[in-house]
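Subject: The two-chain model, with notes

Hello,

Here is the structure I promised to pass on to you. Please have a look at it first, and then read my notes underneath.

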Amino acid sequence: MAVQASTTPKPIISVIGLKKSFGEKHVLRDIDLDIYPGESLVILGASGAGKSVFLKHLIGLLQPDEGNVIVEGIDITIAPASECLELRKHIGMSFQEGALFDSMNVFDNIAFPIRRHTRWSEDEVADRVHECLSLVRMEGIEDKFPAELSGGMRRRVGFARAIALKPEILLFDEPTTGLDPINTAAIARVIRHMHDQLGVTAVTITHDLNLAFGIADRLAMIRHGVIIAEGSPDEFRQNPDPYVQAFLNGEIPADEEDFV
Amino acid sequence: MMGWLDSLGRWFIDVLEEIGRFFNILAQTLLWSVRRPFDFAEWLRQMVRVGYDSIPVIFLTTMFTGMVLALQTYRGFERFHAEGFVGSVVALSMTRELGPVLVGLMVAGRIGSSLAAELGTMRVTEQVDALYAMATEPIHYLIVPRVGASFFMLPLLVLVGDAIGIVGGWLVAVGLFHANTVQYWHSTFQYLEVNDVTSGLIKAAFFGLILAVTGCTKGFYTSGGAEGVGRSTTNAVVMGSLSILLSDFFLTKILF
């Protein structure tokens, strides 16, 4: 888009003609999207628009019916499993409710990917865990279990775990759903902070406008499984599409009046 | 008429899908079991969970089964003065049939259900997806040690159970009916062959494999939140127990 036009860097993620159906339900109809290194892209959409399904394709949790997903030059829809496994070490994903392992405490949760994929000593692991926790501003809770944490804290620990292996790409699945406005603002700040500090590419899906405009370099909107608008925050606000405007203003779009 | 055919067809497809999932998980488990890293700590933890933690249940089950067996056969054999064979009957029944099947059923209830509940909860809270996202194959990390532990621990549990059952029979015969201890032990080992014990242990290993793969499969394919986890747990026990009883017949036919 306009932001990238002057330099036209190579996209780090390219999604081409992505289609996905579950039975009769066509969730993703035809998605084309390039994501550039170092940007923070937010994908907006109403509940059930296919945002989560889209994000899961980026890491290979779902396989498309048609289309290609090219991450760091590797087409994960056709690459061998071993290559995809290797690639996933470069991607950190944060899940809706944190998806922490509830049999492990916070320390072991964050240490999990490190112990699994590196040969670091326990001291090095501990250093990295503390580093990750301080980046999400959650120092001192290493011994707590996920059940003892609040929703916002669980998500931050989830962030810390996602960045443990120093990924190049971070994916956030609805990071503020179910949180109060103050926690939402805190999460937005943490995501912004992580993005700036680590220089990673961040892809966030949400329907939370405060979060979206708080962290986005660029926004895109999914509706009925296609991308109907994209652009910088300013461009996005000016977008003439009636649905985009309805979404931004919290109104019921004209073509959905009948269903409400 | 069509509605009836429709639901029959759907049921048939569901059954085929279940079987397909079972063998898919089984095949992937075997494939991943030879790949590194080997998580010894996790293997040990699961072996303690399946084996050591099951001992109290197995103790009570096999002890009372041995006792009842002696009680029943003693009363029956008395009628034609064959009390001397009670030891043989208890030993052969325990090692060949009751030990493996009862231990299998008890562990299916204890472990099959807890595997389904554990993996099912991990599935619906996206912990399974999180593993995958952290470049860790869930089958490798979660299922291989659980199925492996069950496969190796079941024969050991059955070996212990066989012994406890035989002791239970002896307790009743000697304690209640004042049978001669020496004669009881003589009768126990008189007709017992190594093959009786080993074939029971082989059956047990298969039962361990079946109940763990069933529980893991149910848990792994859970959907639909807390209700889904409940459904998976129930199904794991029902399907696990039924599979044990059905496969018992065929294994017995092959092994003996």
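Helices and strands here are DSSP runs, a helix being H or I over at least four residues and a strand E over at least two, numbered from the N terminus. With that in hand, Pro37(B) can be placed in the loop between α1 (2–33) and α2 (40–50) of chain B. The peptide bond that leads into Pro37(B) from Arg36(B) is cis, with omega near 0°. Please keep in mind throughout that this is a predicted model.

Two more backbone details may interest you. His81(B) is not a glycine, yet its phi is positive, at about 55°. You will find His81(B) in the loop between α3 (55–78) and α4 (86–124) of chain B, where it counts as exposed because its relative accessibility is 69%, and the cut-off is over 50%. Chain A has a case as well: phi of Lys166(A) is near 50°, again a positive value in a residue other than glycine. Lys166(A) sits in the loop between α6 and β7 (169–173) of chain A and is exposed, with a relative accessible area of 53%.

Now for the interior. The largest nonpolar core has 81 residues. Those with the most contacts inside this core are Ile43(A), Phe54(A), Leu58(A) and Leu171(A) from chain A, and Val107(B) and Ile143(B) from chain B. Which helix gives the most to this core? Helix α6 of chain B (residues 138–176) does, with eleven residues. As for Val107(B), its contacts beyond four places in sequence are Val50(B), Ser54(B), Ile58(B), Gly112(B), Leu154(B), Leu157(B) and Leu211(B). There is also a second, separate core of 46 residues, and among its members are Val42(A), Leu149(A), Leu179(A) and Leu219(A).

Leu171(A) comes up again at Ser94(A), a residue of strand β6 (residues 91–94) in chain A. Ser94(A) touches Leu171(A) along with Phe159(A), Ala162(A), Phe172(A) and Asp173(A), leaving aside neighbours within four places in sequence. Is Ser94(A) buried or exposed? Its relative accessibility is 3%, so Ser94(A) counts as buried, the limit being under 20%.

On to a helix pair in chain A. The axes of α4 (residues 106–117) and α6 (residues 151–162) come within 8 Å of each other and cross at roughly 30°. That angle makes α4(A) roughly parallel to α6(A), and the crossing is right-handed. On the α4(A) side, Val106(A), Asn109(A), Ile110(A) and Pro113(A) take part, meeting Val157(A), Ala160(A) and Arg161(A) of α6(A). Sorted by class, this contact has five nonpolar residues, one polar and one charged.

Lastly, two residues with long separations to report. Ile16(A), in strand β1 (residues 13–22) of chain A, is partly exposed, with a relative accessible area of 40%. Apart from residues up to four places away in sequence, Ile16(A) is in contact with Ile31(A), Asp32(A), Gly67(A), Asn68(A) and Ile70(A). Its C-alpha atom is 32 Å from that of Gly178(A), 162 residues apart along the chain. In chain B, Gly224(B) belongs to the loop between α8 (194–220) and α9 (225–255) and is exposed at 54% relative accessible area. The C-alpha atoms of Gly224(B) and Phe40(B) are 33 Å apart, with their positions 184 residues apart along the chain.

Happy to talk any of this through.

Best wishes

Notes. Residues are numbered from 1 along each chain as its sequence is written. Chains are lettered from A and ligands numbered from 1 in the order in which they are written. This is a predicted model: local features need pLDDT of at least 70, side-chain atom pairs count only at pLDDT 80 or more; totals for chains, interfaces and linings use all residues. Side-chain values use heavy atoms; hydrogens and water are left out. Axes are lines fitted to C-alpha atoms, for helices over the stretch in contact, and angles run from 0 to 180 degrees between N-to-C directions. Angles under 35 degrees count as roughly parallel, over 145 as roughly antiparallel, 65 to 115 as roughly perpendicular and the rest as oblique. A crossing is left-handed if the near helix is turned anticlockwise from the far one by less than a right angle, and right-handed if clockwise. Contact means heavy atoms within 4.5 Å. Ala, Val, Leu, Ile, Met, Phe, Trp, Tyr, Cys and Pro count as nonpolar, Asp, Glu, Lys and Arg as charged, and the others, Gly among them, as polar. Buried means under 20% relative accessible area, exposed over 50%, partly exposed in between (1.4 Å probe, protein chains only). A nonpolar core is a set of buried Ala, Val, Leu, Ile, Met, Phe, Trp, Tyr and Cys residues joined through side-chain atoms within 4.5 Å.
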